[in-house]
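Reader: Please take one part of this model and go through it closely, giving the cut-offs for each term as it comes up. Which part you choose is up to you.

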Amino acid sequence: MKPVRPDVPLGFTRTKLPAGTHMCFVYDSEEERRRVMAQYLAAGLEIGERVAYFADPTVEGALDWLSEAGVAACAGESRQVQVSPAESVYCPGGRFSPEVMFETLREFRRESDTAHYNGVRVSGEMGWALRGIPGSDRLLEYEAGVNYVLPETGITAMCQYDANIWDGATILHILRVHPMMVVHGHVVQNPYYMTPEEYLRKYCAA
Amino acid sequence: VPPSDPHRDARPPDVGAGAPVLGRLLSALVVLEALPTTAKMAEFLTAALLDVPGVTGCEVRLGPACVPVEEPLDSSDPHHFTVRVETGGRSYGAFVFEIESEAAAAPYRPFLTNLGASVALLSENRWQRSQLERVLAEVQVSEERYRGLFEAMLEGFSYCRMLYDDQGQAVDWIYLAVNPAFEQLSGLDNVTGRRVTEAIPGVRESSPELFEIYGRVVATGVPERFQIEFTPLSLWLDISVVKPADGCFVAVFENITARKKAEADRERLIDELRKTLDEVKTLRGFIPICASCKKIRDDEGYWTQVETYISEHSNAEFSHGICPECMGRLYPR
């Protein structure tokens, strides 16, 4: 039976969306990115969710601005906030595998439930996928497939794509695999979205 | 449409544009706003516009403002149509579509035209922003240059706003900005934001001419330069004052106390020399002398010995001896 997931605030407006929502955030301004991320992550902390942030390429810079935003202040004392290098999370052992990442997300949810958190939200900086890491060519396949995993686990996720490093045609594909997108601080339905079946059949068929 | 209708093939099919497609066209603009370059915008649109039903090929040409874009394909070609990306004044490019048929693309053409206009406006906004940023960068460079000059100049600089009493008399001023040399030369610290009467108590009474001159420059806008002995600080100052804005003045000053002291020393030395010279008796002009006995006639008409005359008219003194020639004449062997 499909689990019922509560609606959760995302930090931008009073509108709530079901836990397990999968969003992409295409940005070209670091200032805007930090503002959006601070709002999104803080909203999760406020309702007792466990928050994981996957920073790329290293966590040092992210820890600084997340601390300034008050998000990572308690990272050293509690496990509610976890800031990790994106490459080590997405590509354990130096290889990216959608299946392994799906399992990582499921395990993270299980751990969080055991620790009695009210929910889980994550966000990842996706620049690692442009560095030629083995398996990173399956990124869009992963993004399509995770549309099954997130509603199943109730993990709310926002994937960050820097428009300064991703080309325009790939950004269109990124939009096709995210049902929601963040635009100017609002989460909106993404009209480019294609169901995973549709997308995988059209673009990822062997 | 009845099969017998002679215009059957010329009429567009009786279908409207699909909502999902229109939704994507509308959303394209917000995605484009996040893309930092025209190249990325063109890549995105080239791929996205292929989703429009009836479109079999698409070339998006976007360029910076004022760059002429290659003339799009012939509009009479039934398998191509062009949407110009232009505002009233500038061209930013074009979308060139290859279409299956006129009829298939027809429902979307107005929306594609609207998208072209929106992309043109977005491009124009970016172009204007880039122009603004360029100007701001130039202003910043200029500001930094003048800031460097302001900080490094050897002269004291103060930018002040004049304050007046009820009768319109200049009675005080507020230091809006001063440079490091101001503090170094005047010995006054932290004057920015303070009134001069607060920074230098009694200045109005001791240096009323400053208020008069500064007030006059602010009133007339005519720059002035003057030297003043500024007694509250025991300084001599050479001051240039200009009016940069209504109610304000800038005073640039040099501490000339040392120069003034040197000038005073020189004047004193000259006076002393003059007095000394006055005491020195000099002989000048025509002196009437007897061609025979060599006596000199003085101013009163008396004939006196030459040594007496010279002794009386100069500080020279005589010692008496006999020259070899006279010795021979007076005491022959």
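Author: Helices (H or I, at least four residues) and strands (E, at least two) are DSSP runs, numbered from the N terminus. Two strands pair if DSSP finds at least two bridges between them. This is a predicted model, in which local features need pLDDT of at least 70 and side-chain atom pairs count only at pLDDT 80 or more, while totals for chains, interfaces and linings use all residues. Residues are numbered from 1 along each chain as its sequence is written, chains are lettered from A and ligands numbered from 1 in the order in which they are written, and side-chain values use heavy atoms, leaving out hydrogens and water.

The part chosen is an open sheet of chain B, built from five strands in the order 5-4-8-7-6 with antiparallel pairing. Its edges are strand 5 (170–178) and strand 6 (224–230) of chain B, each of which pairs on one side only. On average, neighbouring strands of the sheet are turned by 35° against each other, direction ignored; axes here are lines fitted to C-alpha atoms, for helices over the stretch in contact, and angles run from 0 to 180 degrees between N-to-C directions.

Strand 4 (residues 156–164) of chain B is joined to strand 5 of chain B by seven bridges, and the two run antiparallel. Along this pairing, B:Met162 has B:Trp173 of strand 5 as its bridge partner, and B:Tyr164 stands opposite B:Ala170 of strand 5. The hairpin made by strands 4 and 5 of chain B has five residues between the strands, among them B:Gly168, which takes a positive phi near 80°. Strand 4 of chain B is also joined to strand 8 of chain B, by six bridges and again antiparallel; there B:Arg161 is the bridge partner of B:Cys248 in strand 8.

Helix 8 (residues 208–220) of chain B lies across strands 4, 5, 6, 7 (235–242) and 8 (248–255) of chain B, where contact means heavy atoms within 4.5 Å. The helix runs at about 165° to strand 6 of chain B.

One side-chain pair completes the picture. B:Glu224 forms a salt bridge with B:Arg216, with the closest N and O atoms 2.7 Å apart; the term requires a side-chain nitrogen of Lys or Arg within 4 Å of a carboxyl oxygen of Asp or Glu. Side chains of opposite charge can pair when their charged atoms come close. B:Glu224 is partly exposed at 22% relative accessible area, and B:Arg216 is partly exposed at 34%. Partly exposed lies between buried, under 20% relative accessible area, and exposed, over 50% (1.4 Å probe, protein chains only).
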